[in-house]
Amino acid sequence: MKVISDTAEYALRAVVWLVQTPDESQTTRQIAEGTRTPLDYQSKVLQLLAKSGITKSQRGTGGGIRLNVSPDGLTVLDVINAVDPIQRIHSCPLGLKEHGSCLCPMHRGLNDAVKTVEAAFKNTLVADLLKTRSKSVPLGIDLPLRAPRKPKQATA
């Protein structure tokens, strides 16, 4: 059972990858290889992240992609919502007129479960994903666990 889409998963992988190198721009290829995601798919995901302001990209020599926000204030839900928001149930998926705007007990339960997952993602900072010591390291790469630094702000 998938709780989030591949798009959201790839976005989270990309953000975690970029947090590890806050002062360096990464190419789409580096991110795709490092996160073990398909290059073309990751390219589209990175465009969505840039459009939302989570990442920024710069073309040309010395360009690339970098995180544009602090991982200390970025939630997992922020990343998911930037690329493929979690769908909630607002009306009867079966289109039954007798249900109107009231969800039946089954669909109310499913919606409540989604709401719980959404709250968990909202309460989890990206920085927290990297601070937790575990045998399972993010992206399966043994990167040094350190407190992520805030990215440099662009100067005008």
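In this predicted model, Thr-75 touches Phe-121, Lys-122, Thr-124, Leu-125 and Val-126, not counting residues up to four places away in sequence. Thr-75 sits in the loop between β2 and α4. The relative accessible area of Thr-75 is 11%. Thr-75 is therefore buried, since the cut-off for burial is under 20%.

The chain as a whole contains six helices and two strands. Along the sequence, these elements run in the order α-α-α-β-β-α-α-α. The chain has 156 residues, and 35% of them are buried. Contacts between residues at least 6 apart in sequence were also examined. Of these, 66% join residues at least 24 apart.

The largest nonpolar core holds 28 residues. Within this core, Val-15, Ile-31, Leu-49, Ile-54, Val-79, Ile-80 and Phe-121 touch the most other members. At least two core residues come from each of α1 (6–19), α3 (39–52), β2 (64–67), α4 (76–83) and α6 (126–131). The most are given by α1, which supplies ten residues. The contacts of Ile-80 can be listed in full, leaving aside residues up to four places away in sequence. Ile-80 touches Ile-4, Ala-8, Leu-12, Pro-85, Ile-86 and Phe-121.

Ile-80 also takes part in the packing of α4 against α5. Two packed helices are described by the angle between their axes and the distance between the axes. For α4 and α5, the angle is about 115 degrees and the axes are 6 Å apart. The two helices are therefore roughly perpendicular to each other, a class that covers 65 to 115 degrees. On the α4 side, the contact is made by Val-76, Leu-77 and Ile-80. On the α5 side, Glu-118, Phe-121 and Lys-122 take part. Four residues of this contact are nonpolar, two are charged and none is polar.

Helix α5 spans residues 105–122 and includes His-107. With a relative accessibility of 6%, His-107 counts as buried. His-107 touches Ile-89, Pro-93 and Leu-94, not counting residues up to four places away in sequence. A second histidine, His-90, is 17 residues from His-107 in sequence. The C-alpha atoms of His-107 and His-90 are 9.2 Å apart.

The two strands pair with each other. Strand β1 (residues 55–58) and β2 are antiparallel, with four bridges between them. One bridge links Gln-58 to Gly-64 in β2. The two strands form a hairpin, and five residues lie between them. In the turn, Gly-60 has a positive phi of about 90 degrees. In a regular strand the side chains alternate between the two faces of the sheet. In β2, both faces are covered. Gly-64 and Arg-66 are buried on one side, and Ile-65 and Leu-67 are buried on the other.

A positive phi is also found at Arg-36. Most residues other than glycine have a negative phi. Arg-36 is not a glycine, yet its phi is about 55 degrees. Arg-36 lies in the loop between α2 (28–35) and α3. The relative accessible area of Arg-36 is 57%. Arg-36 is therefore exposed, since the cut-off for exposure is over 50%.

Notes: Residues are numbered from 1 along each chain as its sequence is written. This is a predicted model: local features need pLDDT of at least 70, side-chain atom pairs count only at pLDDT 80 or more; totals for chains, interfaces and linings use all residues. Side-chain values use heavy atoms; hydrogens and water are left out. A nonpolar core is a set of buried Ala, Val, Leu, Ile, Met, Phe, Trp, Tyr and Cys residues joined through side-chain atoms within 4.5 Å. Buried means under 20% relative accessible area, exposed over 50%, partly exposed in between (1.4 Å probe, protein chains only). Contact means heavy atoms within 4.5 Å. Two strands pair if DSSP finds at least two bridges between them. Axes are lines fitted to C-alpha atoms, for helices over the stretch in contact, and angles run from 0 to 180 degrees between N-to-C directions. Angles under 35 degrees count as roughly parallel, over 145 as roughly antiparallel, 65 to 115 as roughly perpendicular and the rest as oblique. Ala, Val, Leu, Ile, Met, Phe, Trp, Tyr, Cys and Pro count as nonpolar, Asp, Glu, Lys and Arg as charged, and the others, Gly among them, as polar.
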